[in-house]
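Me: I'd like a close look at one corner of this model, starting from one side chain and working outward. Could you walk me through what surrounds it, and how that part ties in with the rest?

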Amino acid sequence: MKRLSLLLLLIAAPAWSAEPIFKAYAGLNGVWFDSQEDIKYPSDLEGGAVIRASLSKHISAVGSTFYGFDKAYVRAALGARVTAVNADSPDLSVGLGIQYHVSNDESVRPQEWAPDASVGWRAWPSQAPNLVLVAQGSYGLESQQAQVLAGIRYELGGIGR
Amino acid sequence: MIIAEVLSALAGVPANNIKKLVAAGVSVAPWDSAEEGRRLLLTLDRAITPEAIASLWGVVSAELREILAGQINPADNPSDSA
């Protein structure tokens, strides 16, 4: 993780932009895990943080860690995402990517690569510009388990201008 | 359907194909049988054409070259926070 952060900083250093390269968000999720034995809706409620490094208009590195309040697990993910933005409404975007997932409870979130599709919507850009509504679906390549989440993010701040 | 238009603009997939895909996904949800899953995959297969993949790869590869050249142009994409 430290090596990746250092690499991203080195890559980012030569450039300047008004938009920060790194941004951090606090988040709450309702998450649905695809379990053949026990399907509940939602499977758990999570709280945690997300960090992104936007490297270009459409390419970002993303990472997150969340704690499941009911099942008392911790999970984390790190990967990359390609984003499509509505030119008429930059407050809505869709991302396709892949992340490597780890957790302290593999029965909840197996350790594996999982492609994902994400949607983010800044629903109140004037009144609450720091709030983003999100949804994400992912599919574990080894476990063949799906995960779907819907949540809210609060932008904490950014660095790397 | 804004998402269909967005994906269409980026990837070059006809927006109607994406709308059909989403409609198919809604019609089979929850996907509780192999037959329904197969129908969804067939619809997906028809929507994602080689031309669409080539168009998307053109955008991504150009930006990858910029990143490797040290040109970082960050954007504020809401979906990056998901």
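**Starting from one tryptophan**

Reply: Strand β6 of chain A is where you'll find A:Trp121. Keep in mind that this is a predicted model. Is A:Trp121 buried, exposed or something in between? Its relative accessible area is 43%, and since the partly exposed class runs between 20% and 50%, that is where A:Trp121 lands.

Now for its neighbours. Leaving out residues up to four places away in sequence, A:Trp121 touches A:Asp91, A:Leu92, A:Val132 and A:Leu133, plus B:Pro78 from the other chain. Take A:Val132 from that list: along the sequence A:Trp121 and A:Val132 are 11 residues apart, while in space their C-alpha atoms are 5.5 Å apart. Two other names are worth following up, namely A:Asp91 and B:Pro78.

B:Pro78 first, as that contact of A:Trp121 crosses to chain B. How many residues does each chain bring to the contact? Chain A puts in 42 and chain B 24. Together they bury about 2,800 Å², with 63% of that on carbon and sulfur atoms. On the chain A side, A:Leu55, A:His58 and A:Ile59 account for 15% of the area buried against chain B, more than any other three residues.

There's some polar chemistry across this interface too. The salt-bridge rule finds 2 hits between chain A and chain B, and 14 residue pairs are in polar contact, both partners having pLDDT 80 or more. Which elements of chain A supply at least two residues each to the side touching chain B? Helix α1 (2-12) does, and so do the strands β1 (22-33), β2 (44-54), β3 (59-68), β4 (73-86), β5 (89-103), β6 (112-121) and β7 (131-139). So β6, the strand that holds A:Trp121, is on the list. Sorted by class, that side of chain A has 22 nonpolar, 12 polar and 8 charged residues.

Now pick up the charged thread. A:Glu19 makes a salt bridge with A:Lys23, with 3.0 Å between the closest N and O atoms. Both A:Glu19 and A:Lys23 are buried. A:Glu19 has another salt-bridge partner in A:Arg52, at 2.6 Å from N to O. That pair links distant parts of the chain, as A:Arg52 is in strand β2 of chain A and A:Glu19 is in the loop between α1 and β1, 33 residues apart. A:Arg52 and A:Glu19 are both buried.

A further pair crosses between chains: B:Asp76, in the segment after α4 (50-68) of chain B, and A:Arg122, in the loop between β6 and β7 of chain A. Their salt bridge has its closest N and O atoms 3.1 Å apart. The two ends differ in burial: B:Asp76 has 26% relative accessibility and therefore counts as partly exposed, whereas A:Arg122 has 8% and therefore counts as buried. Through shared partners, salt bridges join A:Glu19, A:Lys23, A:Arg52, A:Asp91, A:Arg122, A:Glu155 and B:Asp76 into one network. That brings us back to A:Asp91, a contact of A:Trp121. Over all chains, the whole structure has 9 salt bridges.

One more stop, at strand β8 (residues 146-159) of chain A, which runs antiparallel to β1(A) with 12 bridges between them. A:Gly30, for one, has A:Ala150 in β8(A) as its bridge partner. β8(A) also runs antiparallel to β7(A), joined by 9 bridges, and here A:Gln136 is partnered with A:Leu149 of β8(A). The β7(A)–β8(A) hairpin has 6 residues between the strands, and A:Gln144 there takes a positive phi near 60 degrees.

A:Gln147 sits in β8 of chain A as well. What makes A:Gln147 count as buried? Its relative accessibility is 1%, and the cut-off for buried is under 20%, so A:Gln147 qualifies. Its side chain has a polar contact of 3.2 Å with that of A:Arg109. Beyond four places in sequence, A:Gln147 touches A:Val31, A:Trp32, A:Phe33, A:Arg75, A:Arg109, A:Gln136, A:Gly137 and A:Ser138.

Notes:
Residues numbered from 1 in each chain as written. Chains lettered and ligands numbered in written order. Predicted model: local features only at pLDDT ≥ 70, side-chain atom pairs only at ≥ 80, totals over all residues. Heavy atoms only, no water. Contact = heavy atoms within 4.5 Å. Buried area = accessible area lost by both parts, 1.4 Å probe. Salt bridge = Lys/Arg side-chain N within 4 Å of Asp/Glu carboxyl O. Polar contact = N/O pair within 3.5 Å; in protein donor to acceptor, adjacent residues only side chain to side chain. Helix = DSSP H or I, 4+ residues; strand = E, 2+ residues; numbered from the N terminus. Nonpolar A, V, L, I, M, F, W, Y, C, P; charged D, E, K, R; others polar. Pairing = 2+ DSSP bridges. Buried < 20%, exposed > 50% of the residue type's maximum accessible area, 1.4 Å probe, protein only.
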